[in-house]
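Here are some notes for a first look through this structure. Keep the view open while you read, and turn it as each point comes up.

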Amino acid sequence: MSEVDLGDLSDLGDGAMRVFADIGSHGVVVCRIEGRLHAFDDNCSHRDARLSDGRLRGATITCPVHGAQFDVRTGEHRCAPATSPITVRVVRDESGRAVLGD
Amino acid sequence: MANGGANHENGSARAPGPSLYQQLLADPTRPPWPLLVEAPAYLGDEDIAYSVYTSEERFRAEFDHMWSKTWQWACHVDHIPETGDYYVYDVGPHSALIVRGENGAINAYYNACMHRGTQLRPPGTCGFANQLKCPFHGWTWSLDGELIEVPDRWDFPHVGDDTHRLPRLPVEVFSGFVWVNFDPEAESLSSYAGVLVDHFTEFGFEDRYIETHVRKKLPCNWKAAIEAFLEAYHVRETHASGQLGDEVTTQYDVFPPNVSRFIHTIALDSPQRPRPRTEEEIFANLLRGVPAEARPRLPDGMRARDAWAKIVQRDMSSRYGHDFTNLSESITLDSIEYFLFPNAFFFPGLALPMVYRFRPDADDIDVSWFDLLILRPRPAQGEAPPPPEVIELDVDDSYTVATGLGPLGRVYDQDTSNMKAQTRGFRSSVKRGQTLGNYQEVRARHLQQRVRDHLRAGGFTDDPS
């Protein structure tokens, strides 16, 4: 996937998520944690559900369907019923422009 | 009571020197009234059989008859601030799913699907859900525990919305924490907590947030872990290389049935020291971590304790945006430790503001889990920070990796350093039980008696050998 310009995300506060539904096959969620941007595919690895319907607490997103939890910085799954990680993406914050990589 | 050799048959002997009560009255600022309550207790002097720590049968009986019937704090209110937030609290086989419902309500459910028993959410998780759906067959409940979906409901005419709603367990909020009791018939927490309710009105725990949270695996039975923290008798050998310090006047109180306490002063000389220290010496010792050029002078005629209290008050006032300069020296500095049976500790002091919780491992009688929290005053303006990630420490990890503990890290390393050896000694000892000091170790005796009370009520009796 080539780079995608996400525009100006300076209004995305710490702990907040924003969904870009048209990117990739599931959409991509961008969030800010302690000032830094992180991005992951909006898809739980356990079942086909939107993680963006869940809540980001600290660096952990909980899938609202069965409670699978993931570290959004690494994609690593943290508890049952997830048995595999989610896909994370590289996102660069370039003064006024956020750019999504692969 | 200042004597060294009263009638030893009723536990009235005390260390030589002034009592803590007399020390508190000598402070310039009167402490809150609970600290001036004395409640000594003599609970006998029989040895405590080591089998209470080593009997597997008793370990299981504790889960069946004690952990299932007592109030324990499951999480802090800040762990479940918004509707849909949940927290899973586990002790042994028992698991409670605590959920923030609509309109701020807090619900606690037995964490098991009403279909075939699967836990709805995994142990020890803190998460979010719009509804509670079981991952096995998809049976679903609302946040209020109402049954809202049973796939192929036609196959379950014997399932009623009422019979298969999620069963609640008693849950209450007290002092900023969410408490649960696995006994659906439990008395209220305020009845269970006795004097704590009145005492805690003076301390404002609900105005504190969690700044640091460490959870360590300990190599001993949960009762031995708790007992290591119930007395200050160990301070001279475990913490101070044999030096007697301000802990010798520690006051030990028992408030039946479920509360005990110790209070020990900070920055007063030990009345048992062969050569008394001057106030300058005490003050210099308190400031030993500060570079010499940055150390303030002890004002003429001022006690080290009073000067140190002012320094701590000014520092904490500026750090946390409050004015603490009217607090008593005791609340500012002292180690004031309340215990609520079976496993919770609360320290209302300003400089020593900890909360503890101890839990048995679910499977290993010689392992326990110790949650250590540092609470700080909520800011006067704006929101407190969200609860921090738990720092998980294994048996041989040092507390000093948790920088939020500051110099206390080393102290907790010392406190936990005797546990393996004591645990081995429970089995290698030819003497069959532990001997406790009548006054200084009475709180350990109180803990053991309360456990025994619950076991007996459940029909389990200790083997007399």
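**Notes on a predicted model**

1. Let's begin with a small piece of chain B. Three strands make an open sheet there, in the order β2-β11-β10, and the pairing is antiparallel. On the outside are β2 (72-76) and β10 (171-174) of chain B, each of which pairs on one side only. From one strand to the next, the twist averages 35 degrees. Bear in mind throughout that this is a predicted model.

2. Now zoom in on one pairing in that sheet. β2(B) and strand β11 (residues 177-180) of chain B run antiparallel and are joined by 4 bridges. If you want a residue pair to find on screen, try B:Q72, which stands opposite B:V180 in β11(B).

3. Chain B also has a sheet of 8 strands. It is open too, has mixed pairing, and follows the order β13-β14-β15-β16-β17-β18-β12-β19. Which strands stand at the edges? They are β13 (251-255) and β19 (391-393) of chain B; each has a single partner strand, so one side of each has no neighbour in the sheet. On average, and ignoring direction, neighbouring strands here are turned by 15 degrees against each other.

4. Within this sheet, have a look at strand β12 (residues 208-218) and strand β18 (residues 368-377) of chain B. The two run antiparallel, with 10 bridges joining them. One spot to check is B:V214, which has B:L372 of β18(B) opposite.

5. Next comes a helix that goes with those strands. Helix α6 (residues 222-229) of chain B lies across β12, β16, β17 and β18 of chain B, and runs at about 155 degrees to β17(B). Is α6(B) buried or exposed? Buried: 8 of its 8 residues are, so the helix is largely enclosed by the rest of the structure. The buried residues include B:W222, B:I226 and B:F229, and also the charged-looking names on the list, B:K223 and B:E227.

6. Stepping back, chain B is assigned two domains: domain 1 (8-52 + 212-268 + 328-457) and domain 2 (72-185). Their C-alpha centres lie 33 Å apart. The contact between them takes 10 residues from domain 1 of chain B and 9 residues from domain 2 of chain B. On the domain 1 side, β16 (344-346) and β17 (354-360) of chain B are the elements that give two or more residues. The most comes from β17(B), with 3 residues. By class, that side of domain 1 has 7 nonpolar, 1 polar and 2 charged residues.

7. There is a helix crossing in chain B that is worth finding as well. The axes of helix α3 (residues 56-65) and helix α13 (residues 442-457) of chain B come within 9 Å and cross at roughly 80 degrees. That makes α3(B) roughly perpendicular to α13(B). Where they meet, α3(B) brings B:A61, B:E62 and B:H65, while α13(B) brings B:V451, B:H454, B:L455 and B:A457. This contact has 4 nonpolar, 2 polar and 1 charged residues.

8. Over to chain A, where strand β3 (residues 28-33) is a good place to start. Of its 6 residues 5 are buried, so the strand is largely enclosed by the rest of the structure. Strand β2 (residues 17-20) of chain A runs antiparallel to β3(A), with 4 bridges between them, and A:R18 stands opposite A:V30. β3(A) also pairs with strand β4 (residues 36-41) of chain A, in the antiparallel sense and over 6 bridges. Here A:V28 has A:D41 as its bridge partner. β3(A) and β4(A) form a hairpin with 2 residues between them, and A:E34 in the turn has a positive phi of about 50 degrees.

9. A:D41 turns up again beside a loop residue. A:I86 is found in the loop between β7 (69-71) and β8 (88-89) of chain A. Why does A:I86 count as buried? Because 25 other C-beta atoms lie within 10 Å, and the cut-off for buried is 20 or more. The C-alpha atoms of A:I86 and A:D41 are separated by 7.1 Å, though the residues are 45 apart along the chain. Beyond its sequence neighbours within four places, A:I86 has contacts that include A:F40, A:D41, A:C44 and A:F70.

10. Last, the two chains together. Their contact takes 13 residues from chain A and 13 residues from chain B. The chain A side divides into 5 nonpolar, 6 polar and 2 charged residues.

Methods:
Residues numbered from 1 in each chain as written. Chains lettered and ligands numbered in written order. Predicted model: local features only at pLDDT ≥ 70, side-chain atom pairs only at ≥ 80, totals over all residues. Domains from an automatic or database assignment. Contact = placed C-beta atoms within 7 Å. Nonpolar A, V, L, I, M, F, W, Y, C, P; charged D, E, K, R; others polar. Pairing = 2+ DSSP bridges. Axes fitted to C-alpha atoms, helices over the stretch in contact; angles between N-to-C directions. Buried ≥ 20, exposed ≤ 12 C-beta atoms within 10 Å, placed from the backbone. Parallel < 35°, antiparallel > 145°, perpendicular 65-115°, else oblique.
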